[in-house]
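Trainee: Got a minute to go through this one with me?
Mentor: Yes, put it up.

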Amino acid sequence: ALALLRARPRGAALALLGSALLRRPAALGAAAARCAPARDSHGPPRQGHGSSKAASLHWTGERAVSMLLLGLLPAAYLCPGPAVDYSLAAALTLHGHWGLGQVITDYVHGDVPIKVANTGLYILSALTFAGLCHFNYQDVGICKAVAMLWSL
Amino acid sequence: MGTTAREEMSRFWEKNSRSNRPVSPHVSIYKWSLPMAMSITHRGTGVALSLGVSLFSLGALLLPEHFPHYLAQVRALSLGPTLIFLAKFSLAAPFSYHTWNGIRHLV
């Protein structure tokens, strides 16, 4: 069984090299040594057909929301009120939505399960945001609620 | 020209999930390291906190009474200080871990 496991990567590499002759050779080769010179010969990044900056913009957006949320924590302590309440509702929901989205991307595979999971996530996030806003409007608000809870 | 990364990934997953090949042990045999453990804890606390927030907001939408009412009910239970401390700790600990480790990721 161990011999099979070791033989399979070689076979896969050969199959991939064969298909790589027909397609753009990405970092597919099993031999890492072959990858290094290929990476060097890349030159300036080409924004060609089928590329988009969406992923990297998403990444930047994630960091921005994380920092915003971090800043809201002392704000919630020092100036509790509706402004911080609603900002917290928005930042918390978005941060959680994107975070859970990454978890789905990592662990859910297959076109249909991915679509189902992401749809469910959208619904959950929408409900969460609605519920938090409702709480801020009709009830005491997030900052006050945390303060009250901790006074227990 | 050629395939996109997404196409290559989905082709890989379609072929491999169809063949039902056994997966060689990975998490069960690989030696745990601190970075690994911290990373998965960050993810675990994140998911738990997110689900907690969602549960709270669903409660805000569905439950009939307002927050002070339910808080008064909990207060009326007259739980011991130890239990209250444990409850607060179990809320604050994952929150703190995720926050501080998150800062570490941002830096």
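**Chain B, then chain A**

Mentor: To begin with, this is a predicted model. Of the 107 residues in chain B, 16% are buried.

Trainee: What helices and strands does chain B have?
Mentor: Chain B has four helices and zero strands. Along the sequence the pattern reads α-α-α-α.

Trainee: Is chain B spread out or a compact globule?
Mentor: Chain B is more spread out than a compact globule, because its radius of gyration is 22 Å, well over the 13 Å that the globule rule gives for 107 residues. Along the principal axes, its C-alpha atoms fill a box of roughly 65 × 35 × 35 Å.

Trainee: And the surface of chain B, how much of it belongs to carbon and sulfur atoms?
Mentor: 70% of an accessible surface of about 8,200 Å².

Trainee: How many positive and negative side chains in chain B?
Mentor: 10 positive and 4 negative, with the centres of the two sets 13 Å apart.

Trainee: Backbone next. Where is Asn20(B)?
Mentor: Asn20(B) is in the loop between helix H1 (5–19) and helix H2 (34–62). Its phi is positive, about 50°, although it is not a glycine. Asn20(B) is exposed, with a relative accessible area of 66%.

Trainee: What about Ser78(B), buried or exposed?
Mentor: Exposed, at a relative accessible area of 60%. Ser78(B) is in the loop between helices H3 (67–76) and H4 (81–106), and it too is a non-glycine with a positive phi of about 50°.

Trainee: Switching chains, what is the mean pLDDT of chain A?
Mentor: It is 78, and 67% of the residues in chain A reach 70 or more. Over residues 1–38 of chain A the pLDDT is below 50, and that stretch has 14 contacts in the model beyond near neighbours in sequence. Where pLDDT is low, the predicted coordinates should not be read in detail.

Conventions:
Residues are numbered from 1 along each chain as its sequence is written. Chains are lettered from A and ligands numbered from 1 in the order in which they are written. This is a predicted model: local features need pLDDT of at least 70, side-chain atom pairs count only at pLDDT 80 or more; totals for chains, interfaces and linings use all residues. Side-chain values use heavy atoms; hydrogens and water are left out. pLDDT is the predictor's confidence in each residue, from 0 to 100. Contact means heavy atoms within 4.5 Å. Helices (H or I, at least four residues) and strands (E, at least two) are DSSP runs, numbered from the N terminus. The radius of gyration is taken over C-alpha atoms; the globule rule is 2.2 Å times the number of residues to the power 0.38. Buried means under 20% relative accessible area, exposed over 50%, partly exposed in between (1.4 Å probe, protein chains only). Accessible areas come from the Shrake-Rupley method with a 1.4 Å probe; for residues, only the protein chains shown count as cover. Lys and Arg count as positive and Asp and Glu as negative; His and the chain ends are not counted. The place of a charge is taken as NZ of Lys, CZ of Arg, CG of Asp or CD of Glu.
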